[in-house]
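The following exercises are meant to be worked through with the structure in view. Each one sets a task and then gives a solution in steps.

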Amino acid sequence: TPAFMLDERSGRIPPPRPLQNQELEMLFKTRSRGLLNNESYPESRGDGWEENEADTIYDEDSGLTGALNGSETKKLPQAIIIGVKKGGTRALLEFLRLHPDIRAVGAEPHFFDRNYEKGLEWYRELMPKTFEGQLTMEKTPSYFVTKEVPGRIHAMSKDTKLIVVVRDPVTRAISDYTQTSSKKPDIPSFECLTFKNITANLIDTSWSAVQIGMYARHLEQWLQFFPLDQFLFVSGERLISDPAGEMARVQHFLGLRRVVTRKHFHFNPAKGFPCLKRLESNSKPHCLGKTKGRTHPNIHPDVIQRLRDFYKPFNKKFYHITGHDFGWD
Ligand SMILES: Nc1ncnc2c1ncn2[C@@H]1O[C@H](COP(=O)(O)OS(=O)(=O)O)[C@@H](OP(=O)(O)O)[C@H]1O
């Protein structure tokens, strides 16, 4: 199942009129360029793979509008969703794509962590075309925990707006583990992997599922390059319980009109998550694919408690730095 279909975009195509020969030619060129660009996509697309179908629709639209008035160009992103893995980054990006002033890459480019040697022009080519005044965005959740990334984004533009979707680090770790074990069913239990030495109560901080949740540590790296007011911390929990409220904060932070509102969301009780409504059609709301909102395994309560204790000082520090209590403790 494709995730959110993005044919809201078609609203931006000018009213139909017969195309001149020249325009047809331009249209053809733009489309074939688009195809080549798709081929140059990095192999790694994160696990939001099923959403990429929507991307194709979206790129074709932009080719069409661009050909008709020639004013669209590919720009480097002015805002990036930098993390965190399993925080709700796909949901946030898909919610943002409802906004007419935002265009975003569907796949995760992994430019600043894995493809940096390809250069900024390669990165810019991945971006969708935008009109003046539209924001270009991408999401790659591993940026938040990769130490080279803050300096690299700063070198691209010191004004880049940075969005971090954060989620209770214990649930996040379990979600991360659930994803890994869905691909490698033979891995040891969560309880096993959590500890270096269970009798000594020594948590294995080198296990990425544990390490990613030490948010304060990672944030300190970023704060060496960017001031705090260039970040927006989105609550992954509120993105589920109050998507419109959280989206109001995001749109405000990005300096956008509040277009995405409660009208766009429909809580799907079977899925247990908000799904998106297309306002101009009566079709059913679209939910994210089945890799989003997986059932988590039951983890031994003692292990959960030990992880809670472990994260407590990191969470406290994170609340202190951000000035926001996310309510995980
Ligand atoms: N609307 C909606 N629909 C479905 N899922 C939603 C939604 N909003 C947030 N979430 C939560 O997003 C979690 C996956 O996070 P990410 O998209 O950041 O994961 S990834 O890092 O890109 O793999 C995913 O984690 P799991 O529940 O563990 O699968 C969801 O809890």
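**Exercise 1. Determine which helix contributes most to the shell around the ligand, and describe that shell.**

Solution. The model is a predicted one.
Step 1. The largest share of the shell, three residues, comes from α3.
Step 2. Helix α3 spans residues 89-96, and the other elements that each supply at least two residues are α7 (169-183), α11 (236-241) and β11 (273-276).
Step 3. In total, 21 residues surround the ligand, and the closest are Thr 89, Arg 90, Ala 91, Ser 175 and Phe 273.
Step 4. By character, the shell divides into seven nonpolar, eight polar and six charged residues.

**Exercise 2. Locate the residue that UniProt lists as "active site", and decide whether it is buried or exposed.**

Solution.
Step 1. The unreviewed UniProt entry lists Lys 86 under this heading.
Step 2. Lys 86 belongs to the loop between β2 (79-83) and α3.
Step 3. A residue counts as buried if 20 or more other C-beta atoms lie within 10 Å of its own. Lys 86 has 26 such atoms within 10 Å and is therefore buried.
Step 4. Not counting residues up to four places away in sequence, Lys 86 touches Arg 167, Arg 172, Ser 175, Asp 176 and Gln 179.
Step 5. The backbone of Lys 86 shows a positive phi of about 65 degrees, although this residue is not a glycine.
Step 6. Val 84 is found in the loop between β2 and α3 as well, and a cis peptide bond with omega of about -10 degrees joins Gly 83 to Val 84.

**Exercise 3. Identify the residues with the most contacts inside the largest nonpolar core, and list the contacts of Val 165.**

Solution.
Step 1. The largest nonpolar core has 58 residues.
Step 2. Those with the most contacts inside this core are Leu 92, Ile 163, Val 164 and Val 165.
Step 3. Beyond four places in sequence, Val 165 touches Ile 81, Val 84, Gly 87, Gly 88, Thr 89, Leu 92, Val 234, Gly 236 and Leu 239.

**Exercise 4. Explain why the buried residues of α10 lie on the same side of that helix.**

Solution.
Step 1. Helix α10 comprises residues 215-223, and Tyr 215, His 218, Leu 219 and Trp 222 are buried in it.
Step 2. These residues cover an arc of only 100 degrees around the axis, so they fall on the same side of α10.
Step 3. The cover over the buried residues of α10 includes α6 (149-156), β6 (161-166), α7 and α13 (301-322).

**Exercise 5. Classify Leu 120 and Asn 201 by their surroundings.**

Solution.
Step 1. Leu 120 is placed in helix α5 (residues 120-126).
Step 2. Leu 120 has 13 other C-beta atoms within 10 Å and is therefore partly exposed.
Step 3. Neighbours within four places aside, Leu 120 is in contact with Leu 76 and Met 156. The C-alpha atoms of Leu 120 and Ala 91 are separated by 27 Å, the two residues being 29 residues apart along the chain.
Step 4. Asn 201 lies in the loop between β7 (195-197) and β8 (202-203).
Step 5. With 11 other C-beta atoms within 10 Å, Asn 201 is exposed. Phi of Asn 201 is near 55 degrees, a positive value in a residue other than glycine.

**Exercise 6. State which residues UniProt lists as the Sulfotransferase domain, and describe the span.**

Solution.
Step 1. The unreviewed UniProt entry lists residues 77-313 as "domain: Sulfotransferase".
Step 2. This span is 38% helix and 16% strand, and its end C-alpha atoms lie 34 Å apart.

Note on methods
Residues are numbered from 1 along each chain as its sequence is written. This is a predicted model: local features need pLDDT of at least 70, side-chain atom pairs count only at pLDDT 80 or more; totals for chains, interfaces and linings use all residues. A nonpolar core is a set of buried Ala, Val, Leu, Ile, Met, Phe, Trp, Tyr and Cys residues joined through C-beta atoms within 7 Å. A residue is buried if 20 or more other C-beta atoms lie within 10 Å of its own, exposed if 12 or fewer, and partly exposed in between; C-beta atoms are placed from the backbone. Two residues are in contact if their C-beta atoms, placed from the backbone, lie within 7 Å. A residue is near a molecule or strand if its C-beta atom, placed from the backbone, lies within 6 Å of it. Helices (H or I, at least four residues) and strands (E, at least two) are DSSP runs, numbered from the N terminus. Ala, Val, Leu, Ile, Met, Phe, Trp, Tyr, Cys and Pro count as nonpolar, Asp, Glu, Lys and Arg as charged, and the others, Gly among them, as polar. UniProt positions are given in the numbering used here, feature names are shortened, and annotations may be inferred rather than shown by experiment. The arc is that of the directions from the helix axis to the C-beta atoms.
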